[in-house]
Amino acid sequence: MSNDVRYCEKISYIVLKFTLITYSTIFWLIGGFILAIGIYAEVERQRYKTLEGVFLAPAVILIVLGVVMFIVSFIGVLSSLRDNLSLLKVFLYTLTICLILELLGGILALVFRNQTVHILNKNIRKGMVNYYDDLDFKNIMDFVQRKFKCCGGKEYLDWEVNMYHNCSAPGPQACGVPYTCCVDLKPQEVANTLCGYQVLDKARLELLHVIYVRGCTDAVFIWFMDNYKTMAGLLLGILLPQFFGVIISWLYITRVEDAIEEFGHYQDGLLTDGHQQKQQSKLGACCRCLPEFD
């Protein structure tokens with residue numbers, strides 16, 4: 001009876017091998033694409049930037065992400081093609097560590113929410129100091145203020161840290177905020193860049209119909225809570241592929257180890273030709289629905 005229901009090792013081996021190769025190749029190509037975009041963006045950033053900092057630089061983030069994805073996925077492709085147990089285990093352990101770190105980071109950020117918000121606000125204020133010098137940060141901040149209808153990090157008064165918006169500074173921007181904080185900003189109209197003129201020395205209630213007084217940190221967190229389904233889908237889209245890769249690589253490693261133990265010896269990451277033929281004949285015999293492998 002056990003022979004009738006015996007697991008067909010050859011079929012499982014081929015399916016797992018093809019799946020792991022496909023999985024690794026897809027993410028290898030994606031990693032290379034992200035890396036290429038990051039390098040191009042960084043070259044452009046180096047040409048036009050006037051600040052030496054890399055605070056929230058999208059190009060740097062893309063390069064780091066692309067390098068990690070490219071290297072890890074390449075290890076997966078190479079190890080699955082060669083049946084190299086050492087590289088397969090490196091691929092498995094790396095995926096597992098990345099997945100654990102992401103989950104741990106998310107849990108810690110939620111548990112220590114106040115500390116996370118404090119650190120985020122602190123870094124935002126550092127970026128606001130060089131708002132007009134760091135074009136990357138400026139574009140991000142302008143987008144966030146428009147999208148989430150907010151101003152500053154913790155609150156609109158954070159703009160006092162900028163040398164142009166500080167109330168003691170000379171010029172028309174003194175004691176004001178960028179025009180992306182303004183309530184009446186409309187996409188199809190020419191923006192009034194001085195709509196936030198002289199607002200930092202006024203009370204919050206006086207500005208409710210002039211600028212967004214809510215800080216961007218709170219606005220983003222509130223948006224996350226209101227769109228929890230979208231965020232859950234995004235998180236699953238990030239974590240599930242990694243979890244799938246961990247499961248597939250673990251199953252494939254187990255299958256390769258079983259095949260080596262039962263049918264052959266391991267040499268340079270591959271079964272020797274003689275043992276491969278022996279393995280094929282035995283595996284073909286177990287698959288009663290298939291002709292015997294010669």
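Tyr131 is a good place to start in this predicted model: with a relative accessibility of 2%, Tyr131 counts as buried. Its neighbour in the pairing described next, Tyr132, is partly exposed, at 27% relative accessible area.

## The aromatic cluster

What kind of aromatic pair do Tyr131 and Tyr132 form? The two rings meet edge-to-face, 4.7 Å from centre to centre, with 85 degrees between their planes. Tyr131 also pairs with Trp159, and this contact is edge-to-face as well, at 4.8 Å between centres and 80 degrees between planes. Tyr131 sits in the loop between α4 (113-129) and α5 (135-147), while Trp159 belongs to the loop between α5 and α6 (216-226), so their pairing ties together parts that are 28 residues apart in sequence. Trp159 is buried, and its relative accessible area is 0%.

These rings belong to a wider group: Tyr131, Tyr132, Trp159 and Tyr164 make up one aromatic cluster. The count of aromatic pairs comes to 10. Another ring has a charged partner, for the charged end of Arg113 sits over the ring of Phe221, 4.8 Å from the ring centre.

## Where α2 meets α3

Now to a pair of helices. Helix α2 covers residues 58-82 and helix α3 covers residues 85-111; their axes come within 8 Å and cross at roughly 145 degrees. Is the crossing left-handed or right-handed? The crossing of α2 and α3 is left-handed.

Which residues of α2 meet α3? On the α2 side they are Val72, Ser73, Ile75, Gly76, Leu78, Ser79 and Ser80. Their partners in α3 are Leu87, Leu88, Val90, Phe91, Thr94 and Leu95. Sorted by class, this contact holds eight nonpolar and five polar residues, and no charged ones.

## Two residues with positive phi

The loop between α2 and α3 holds Asp83, whose phi is near 55 degrees, a positive value in a residue other than glycine. Cys175, placed in the loop between α5 and α6, also has a positive phi without being glycine, near 65 degrees. Are Asp83 and Cys175 buried or exposed? Asp83 is buried, since the cut-off for that label is under 20% relative accessible area and Asp83 has 10%. Cys175 falls under the same cut-off, with a relative accessible area of 4%.

Here are the residues discussed above with their accessibility:

| Residue | Relative accessible area | Class |
|---|---|---|
| Tyr131 | 2% | buried |
| Tyr132 | 27% | partly exposed |
| Trp159 | 0% | buried |
| Asp83 | 10% | buried |
| Cys175 | 4% | buried |

## The chain as a whole

Stepping back, the chain has eight helices and two strands. Read from the N terminus, its elements follow the order α-α-α-α-α-α-α-β-β-α. How much of the chain is buried? Of its 294 residues, 35% are buried. As for contacts between residues at least 6 apart in sequence, 67% of them join residues at least 24 apart. The pair of Tyr131 and Trp159, whose loops are described above, links parts 28 residues apart in sequence.

Technical notes. Residues numbered from 1 in each chain as written. Predicted model: local features only at pLDDT ≥ 70, side-chain atom pairs only at ≥ 80, totals over all residues. Heavy atoms only, no water. Axes fitted to C-alpha atoms, helices over the stretch in contact; angles between N-to-C directions. Helix = DSSP H or I, 4+ residues; strand = E, 2+ residues; numbered from the N terminus. Left-handed = near helix turned anticlockwise from the far one by under 90°. Contact = heavy atoms within 4.5 Å. Nonpolar A, V, L, I, M, F, W, Y, C, P; charged D, E, K, R; others polar. Phe/Tyr/Trp six-rings, centres within 6.5 Å; stacked < 30°, edge-to-face > 60°. Buried < 20%, exposed > 50% of the residue type's maximum accessible area, 1.4 Å probe, protein only. Lys NZ or Arg CZ within 6 Å of the ring centre and 35° of its normal.
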